2 protein chains.
Amino acid sequence: MQAEIIAVGTEILLGQITDTNSPLVARELVALDIDTHFQTVVGDNEERLLSALEIASQRADLIITIGGLGPTPDDLSKQTVAKFVDQNLAVNQAAMDKIEAWHAETGRPMAENNRLQALYLAAGIALPNEPGFAVGSFYKNPNGPDVLLLPGPPWELEPMLLKYAVPLLQQQYHHEGTLLSRVLRFYGIGESRLVTKLATLIDQQTNPTMAPYAKAHEVTLRLTAHAVDEANATKLLDEMEAQVLAIVGEYFYAYGDDSSLVETVGKLLIDGGVTISAAESLTAGMFQSTLADVMGISAVFPGGFVTYAPTAKEQLVGVSPATVDQYGVVSEQTAKAMAAGTREKLDTDIAISFTGVASGELEGQPAGTVWIGLATRNRASEAYLYHFGSDRQRNRERAVMAGLDIVRRKLLQLPMVKNI
Amino acid sequence: MQAEIIAVGTEILLGQITDTNSPLVARELVALDIDTHFQTVVGDNEERLLSALEIASQRADLIITIGGLGPTPDDLSKQTVAKFVDQNLAVNQAAMDKIEAWHAETGRPMAENNRLQALYLAAGIALPNEPGFAVGSFYKNPNGPDVLLLPGPPWELEPMLLKYAVPLLQQQYHHEGTLLSRVLRFYGIGESRLVTKLATLIDQQTNPTMAPYAKAHEVTLRLTAHAVDEANATKLLDEMEAQVLAIVGEYFYAYGDDSSLVETVGKLLIDGGVTISAAESLTAGMFQSTLADVMGISAVFPGGFVTYAPTAKEQLVGVSPATVDQYGVVSEQTAKAMAAGTREKLDTDIAISFTGVASGELEGQPAGTVWIGLATRNRASEAYLYHFGSDRQRNRERAVMAGLDIVRRKLLQLPMVKNI
């Protein structure tokens, strides 16, 4: 079963808007176990839409058009698809009643073209548009690919898709068995190293399939299993996960699409009632700002310092000028003193500090040299050294991620990982 | 002149990521006066990419592929396009040196597939990838459409596109006359309001053309003039700019693709030798971290505070408990006291403070209620009230932008703008 998405709209071709509809539809197709090999974007032009439909019909069993159902002269999808599948359009009375009622209620004059929004493929099924007026259509085509017509405004597309189109597709293409996915999240290993380490598994993949994906400073691996039922699909996923973690388990930190590293660390802190503060030089507040993304973090995070200048390190968190003079601003000793001073000032269970060279050179050390300090109650402070790259912004982001991972490993009493 | 964009990546087909590259490339093609009638998305699959290239070659003079230049076995674009245009790949020595140097510097083992990133179309031109490793390629094809290969990660694509690909395309396809662009940047007005206010100008546009584009919390307007020479193109741009600024001039703050609001404010502070510090509750370090993006800011920015909990406001910047008790954490008085206390502690020329409701409700005030305080030497502190929306992360980002604009208007002695 192959589907193809055709997004219709000159404003997409011109880059005036970003098409967020196609990814949404694509994710629902994945969940329905319907493959997609191509997506197309075409402008509001009958001839070119017909040509896109013609090409799609060579490679797909279901064509989904998005957009072009509205009342303006630009909106040509319904008429063009009707022509393509050689079917008539008819008025959907419920939609027409809604359009007429709204105009009567608001006292607005109704332009004739507003009625066009109530048209659907007569031999097919009309899909209600709850927040809008333009109905969708589904037509099971005995002579070619089936067609599904969805509206372009995302706030109209999403409810029509989820409430009406997905159940309809499920019913039409009812699939035997179950498709189950699991996302594994890794930090501290790049996509290419992950793929190299898992090369044998990836080459042999059939069921479950494995899809690595590089997010900002993290990598996810999606395993998707196909089986007769959920229990069997889960068993396949469990077995594959065990093989993956045997190879790269030290970098694994969470499951799921939404469990980013900061969410994972925030949850550990909140659930454990572990209070945290920070002193940031290199990162200048980015660690604390990132941590504050986590809902409920205020229970364990009173605040901290941005100690950008050496004087601020001394004045705000009590790093002695002698330490800076003797060892430098970017040093193990300064990182430890920043963390220890911050922890004491704010009386938190742990405190973290960041000092490093974002770009250029400092104290003879190259860009990317970063010390992260960690202070805990009743223990000697620690500090960890990193060598990142030359990009200023990326160095700061990578330092924040490394700091989050240090906190995570400390809380879980896991060994630290080198070569991040 | 017809171009076609082919975005390559199974993760796009599966809806795991939203393709923001194609809109960016599309906008640059518009500015270059190159038409696009179709865009295609295809997975990481040689056969299907070849078929997409074949179809595109029937309808375009230039094919732009995005993605698939990386080091993993999934990355097939270069090899596949080389096969399609029947040309060899060769090593770009500069890229190879960079890859080897990075691995040597960071002490990471270099997997053999990393070398693939240095390959480009030997008969064409290699395009440097400044933040990354995978070089781009442009090949002027005597036997079919020209091809341009760009990388998939947006932070790699954007600089390669703007710095190398666009000038190259301009030189290749615009022998006659001069095409000149000017970007105007606006803050404090949304894209739809800007477009509404400029509707008459936009409807009449022919030369220069006008392309509005919404960036995160800013709007840019690109004017592109086509004329016999640069002087005449400049004259056309000057005239159009004057008409635009007569309507929305109060929101205009800078020219150019790189002059973001923070860069503009950072430059004003550095050039004026005006020192700044901050106390952040709502934004939790995001203002300071954003400010630290600016190269050279350390000369005027010693640091500041993250005062997330009420106790931190008291302990770190001396907001009296009576002020918080009487007026609340999210109040004009607390914002002013945070700014004044911070300015005194760090002895800076100005200090800014942020307190507000990121999400949910606080002290009976709805999400999006934000007070920004500003303290200056020898003057009474001020505070400004904003009502943003309900999204936690966006509220914090919008507060940072509003704070930057407050500093800019203060430094330039411009009136503050309401209704941001």
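The following dialogue discusses how to read salt bridges, burial and overall form in a predicted model.

Biologist: Where should one begin with chain A, and how many helices and strands does chain A have?

Modeller: One begins with the secondary structure of this predicted model. Chain A has 15 helices and 19 strands. Along the principal axes, the C-alpha trace of chain A spans about 85 × 55 × 40 Å.

Biologist: Is chain A spread out or compact by the globule rule?

Modeller: The radius of gyration of chain A is 28 Å, whereas the globule rule gives 22 Å for 420 residues; the value is well over the rule, so chain A is more spread out than a compact globule. Even with that form, 53% of the 420 residues of chain A count as buried. Among contacts in chain A between residues at least 6 apart in sequence, 67% join residues at least 24 apart. The accessible surface comes to about 17200 Å², and 50% of that surface belongs to carbon and sulfur atoms.

Biologist: Which residues of chain A does UniProt list for "domain: MoaB/Mog"?

Modeller: The UniProt record, an unreviewed entry, lists residues 4-171 of chain A under that name. In the model, this span is 42% helix and 21% strand, and its end C-alpha atoms lie 19 Å apart.

Biologist: How should one read a salt bridge, and how many are there over all chains?

Modeller: The general idea is that side chains of opposite charge can pair when their charged atoms come close. Here the count comes to 36 salt bridges over all chains. One of them joins A:Arg377 and A:Asp349, with the closest N and O atoms 2.9 Å apart. This pair links distant parts of the chain, 28 residues apart: A:Arg377 is in the loop between strand S18 (369-376) and strand S19 (382-387), and A:Asp349 is in the loop between helix H14 (332-346) and strand S15 (350-356). A:Arg377 is partly exposed, with a relative accessible area of 33%, and A:Asp349 is partly exposed at 22%.

Biologist: What parts of chain B does the pair of B:Lys163 and B:Glu130 tie together?

Modeller: B:Lys163 forms a salt bridge with B:Glu130, the closest N and O atoms being 3.0 Å apart. B:Lys163 lies in helix H6 (residues 154-173) and B:Glu130 in the loop between strand S6 (125-127) and strand S7 (136-139), so the bridge ties together parts that are 33 residues apart in sequence. B:Glu130 is partly exposed, with a relative accessible area of 41%.

Biologist: Where do B:Lys336 and B:Glu332 lie?

Modeller: Both residues lie in helix H14 (residues 332-346) of chain B, 4 residues apart, which is about one turn of the helix. Their salt bridge has its closest N and O atoms 3.1 Å apart. Relative accessible areas of 26% for B:Lys336 and 29% for B:Glu332 place both partners in the partly exposed class.

Biologist: Which residues are linked with A:Arg182 in a network of salt bridges?

Modeller: A:Arg182, A:Asp238 and A:Glu241 are linked in such a network.

Biologist: Turning to an uncharged residue, is B:Thr323 buried or exposed?

Modeller: The class follows from the relative accessible area: buried means under 20%. B:Thr323 has a value of 17% and is therefore buried. B:Thr323 lies in helix H13 (residues 321-327) of chain B. A polar contact of 2.9 Å joins its side chain to that of B:Ser320. Not counting residues up to four places away in sequence, B:Thr323 touches B:Gly328, B:Gln333 and B:Thr334.

How values were computed: Residues numbered from 1 in each chain as written. Chains lettered and ligands numbered in written order. Predicted model: local features only at pLDDT ≥ 70, side-chain atom pairs only at ≥ 80, totals over all residues. Heavy atoms only, no water. Salt bridge = Lys/Arg side-chain N within 4 Å of Asp/Glu carboxyl O. Helix = DSSP H or I, 4+ residues; strand = E, 2+ residues; numbered from the N terminus. Buried < 20%, exposed > 50% of the residue type's maximum accessible area, 1.4 Å probe, protein only. UniProt positions renumbered as here; feature names shortened; annotations may be inferred. Polar contact = N/O pair within 3.5 Å; in protein donor to acceptor, adjacent residues only side chain to side chain. Contact = heavy atoms within 4.5 Å. Rg over C-alpha atoms; globule rule 2.2 N^0.38 Å. Areas by Shrake-Rupley, 256 points an atom, 1.4 Å probe, with all protein chains shown as cover.
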